[in-house]
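Reader: I would like to learn how aromatic rings are read in a protein model. Could we go through an example together, step by step?

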Amino acid sequence: MPLLYRPEVHKLATLSGHHDCVYALTGDPAQPVVYSAGSDGFVVAWNTEQPEQDGELVARVENSVYALRYVPGRHLLLIGHNFQGLQVIDLTQKKLVHATALPPLAIFDIAYSEPRQRIYVALADGTLAVLDAQDFRLLQLLRLSEKNLRCLALHEERGELAVGGSDQLIRVLDADTLAVKYTLEGSTNSVFTAAYSPDGRWLLTAGRDAHLRIWDVQHDYREQQTIIAHLFAINHVAYSPDGQFFATCSMDKSIKLWEADGFRLLRVLDRARHAGHGTSVNKLFWSGPRKRLVSCSDDRSLAVWQLGNE
């Protein structure tokens, strides 16, 4: 059912503390704590229910971080430490409990499959690394492209892993065998982000060409619709956990809120209208049960946005 209203959105807080661009966000969507990381190597925890509080330093690594992944149930944080590999932080003990060496490359995304107990890592040379989620040992390195692998998205019910890259392609793999099942063409530049809708019906992809592409999963990933969604590169797309909305963010400094059913634009969150970010917005995360959206930017800050009047 299409929404009969356009939800109000207001900015709750600006979260400051990073010393350089912030690229990565993760957490448990059911909980208010979100984790951030970026060029300064700081990994920081923030409480979106208490945004007036300072962030808590969880880890500090030598190089920049483009990718984080929270592991629900085990309270672990996976850090894609560029040129060093995957590091695992036990958030209860607040210490490093494991490190897996990978080829010395930038790490652009991390996906975690609980049913398969696998971790998938997208590397800058076009390689997909697969790790065991129990002991974090490296299981396989699969070269998929001559260019960067930039984003990963899991469809657990279908057992499929979507991989987007700088070669303009989205490859949909069998999540178990890693065989390529579909190759999606149409993007005219690097694919930076991919997300399955919570009901599993759609795959959304976007990237440097500023187009949002909607693929019909149930009909062999046929391209359903293309929307010129931003002025410049789209860095990330993220669905709200309830499936009502999705949000996109861009190098054009804006965040856009969309209706998931119908793909209708609802709100534009930018500096002029909402005191938004002053530079590229890099990542989004839906935090906690109160429909709060967290964004991070090259301007070294995070912002917390509230949907509705809660």
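Author: Let us begin with one ring: F263 is buried, because its relative accessible area is 9%, where buried means under 20%, exposed over 50% and partly exposed in between, with a 1.4 Å probe and protein chains only. This is a predicted model, in which local features need pLDDT of at least 70 and side-chain atom pairs count only at pLDDT 80 or more, while totals for chains, interfaces and linings use all residues. Residues are numbered from 1 along each chain as its sequence is written, and side-chain values use heavy atoms, with hydrogens and water left out.

Reader: How many aromatic pairs are there by the rule?

Author: Rings of Phe, Tyr and Trp (its six-membered ring) pair if their centres lie within 6.5 Å, and planes under 30 degrees apart count as stacked, over 60 as edge-to-face and the rest as tilted. The count by this rule is nine aromatic pairs. In one of them, the ring centres of Y35 and Y70 are 6.1 Å apart and the planes lie at 10°, so this pair is stacked. Y35 and Y70 are both buried.

Reader: How are the rings of F246 and F263 arranged?

Author: Their centres are 6.3 Å apart with the planes at 55°, so the pair F246 and F263 is tilted. F246 is also buried, because its relative accessibility is 0%.

Reader: Which residues do ring pairs link into a cluster?

Author: The cluster consists of W202, Y239, F246, W258 and F263, linked by ring pairs.
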